[in-house]
Amino acid sequence: MDVWQLVLVGLVLLLGLFGVLVPGVPGQAIVWAAVLWWALTSPTRLAWSVLIGATALLLLNQALRPLLPTRRTRSTGAPRRTLLVGGIAGIVGFFVVPVLGGILGFVGGIYGAERVRLGSHRDGRASARTVMRTAGCPLLVELFACLLVVGAWLSAVIWG
């Protein structure tokens, strides 16, 4: 696989990550399709292992989705921008502090957005807790699964 194809696969993976944050966009399917594209054009044992692991993880995520609360962003009172800021902070955090930074960045981004919007620490913290209970946890689980797949792909490309 040449460099330009790897760049395109990476861009599609990034599109899938942002697709998780936007309601109605099948972000997980986009991430999986990009890994499938990479595995089909680079038929190595490592590529197929990443594809099998990604398939298992994303299927597990889909199976566990009914156990999580639904994404009710309207009932929180927070704008959708709050979840978008949290998601972008989670994506950046995942690559700055590998794995754990995704969770910390997501929760920290939601808190930061709510603190700026509401103006005080107490109100921002209370609103961030409400957002995480109603809409944040399901989004975080889906985003984290996709981030793990992207991290596995990136590791395989760099060190494989």
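Helices in this predicted model are DSSP runs of H or I with at least four residues, numbered from the N terminus. The exercises below use that numbering.

**Exercise 1. Determine where Val99 lies, what its phi angle is, and whether the residue is buried, partly exposed or exposed.**

Solution. Begin with the helix boundaries: α4 covers residues 80-96 and α5 covers residues 100-118, and Val99 has its place in the loop between them. Next, consider the backbone, where Val99 shows a positive phi of about 65° although this residue is not a glycine. Finally, turn to accessibility: Val99 has a relative accessible area of 40%, and because partly exposed is the class between 20% and 50%, Val99 is partly exposed.

**Exercise 2. Describe the overall fold by its secondary structure elements, and decide whether the radius of gyration agrees with that of a compact globule.**

Solution. The protein chain has six helices and zero strands, and reading along the sequence gives the pattern α-α-α-α-α-α. For the size, a compact globule with 160 residues would have a radius of gyration near 15 Å, and the protein chain has 17 Å, so the value agrees. Along the principal axes, the C-alpha atoms fill a box of roughly 50 × 30 × 25 Å. Of the 160 residues, 39% count as buried, while the chain exposes about 8,700 Å², of which carbon and sulfur atoms supply 71%. As for contacts between residues at least 6 apart in sequence, 67% of them join residues at least 24 apart.

**Exercise 3. Compare the end-to-end C-alpha distances of α4 and α6 with the spans expected at 1.5 Å a residue, and locate any bend in α6.**

Solution. Take α4 to start with: its 17 residues should span 24 Å at 1.5 Å a residue, and its end C-alpha atoms are 24 Å apart, so the two values agree. Then take α6 (residues 121-159), whose 39 residues would reach 57 Å as a straight helix, whereas its end C-alpha atoms are only 43 Å apart. The next step is to look along α6 for a bend: the helix bends by about 65° at Gly136, and a proline, Pro138, follows within four residues. A further distance involves Arg122, which has its place in α6: the C-alpha atoms of Arg122 and Gly160, 38 residues apart along the chain, are separated by 47 Å. Arg122 itself counts as exposed because its relative accessibility is 69%, with exposed meaning over 50%.

**Exercise 4. List the buried residues of α4, name helices that cover them, and examine Thr82 and Leu84 individually.**

Solution. The buried residues of α4 are Thr82, Leu83, Gly86, Gly87, Gly90, Ile91, Gly93 and Phe94. What covers these buried residues includes α1 (3-21), α5 and α6. For Thr82, the relative accessibility is 2%, so this residue counts as buried; leaving aside residues up to four places away in sequence, Thr82 touches Ile110, Ala113 and Glu114. Leu84 also lies in helix α4, but at 37% relative accessibility Leu84 counts as partly exposed. Leu84 and Phe106 are 22 residues apart in sequence, and their C-alpha atoms are 9.4 Å apart in space.

**Exercise 5. Find how many aromatic pairs the whole structure contains, and work through the geometry and burial of the rings at Trp38 and Trp153 and at Phe94 and Phe95.**

Solution. A search of the whole structure finds three aromatic pairs. In one of them, Trp38 and Trp153 have ring centres 6.4 Å apart and planes at 85° to each other, and since angles over 60 degrees count as edge-to-face, that is the class of this pair. The pair links distant parts of the chain, with Trp38 in helix α2 (residues 27-41) and Trp153 in helix α6, 115 residues apart. Both Trp38 and Trp153 are buried. Phe94 and Phe95 form another edge-to-face pair, with 5.2 Å centre to centre and 85° between the planes. The burial of these two residues is then assigned separately: Phe94 has 6% relative accessibility and therefore counts as buried, whereas Phe95 has 39% and therefore counts as partly exposed. As a last step, follow the ring pairs outward, which link Phe94, Phe95 and Phe144 into a cluster.

Key:
Residues numbered from 1 in each chain as written. Predicted model: local features only at pLDDT ≥ 70, side-chain atom pairs only at ≥ 80, totals over all residues. Heavy atoms only, no water. Helix = DSSP H or I, 4+ residues; strand = E, 2+ residues; numbered from the N terminus. Expected span 1.5 Å × (residues − 1). Bend = angle between axes of the 7 residues up to and from the residue. Phe/Tyr/Trp six-rings, centres within 6.5 Å; stacked < 30°, edge-to-face > 60°. Buried < 20%, exposed > 50% of the residue type's maximum accessible area, 1.4 Å probe, protein only. Rg over C-alpha atoms; globule rule 2.2 N^0.38 Å. Contact = heavy atoms within 4.5 Å. Areas by Shrake-Rupley, 256 points an atom, 1.4 Å probe, with all protein chains shown as cover.
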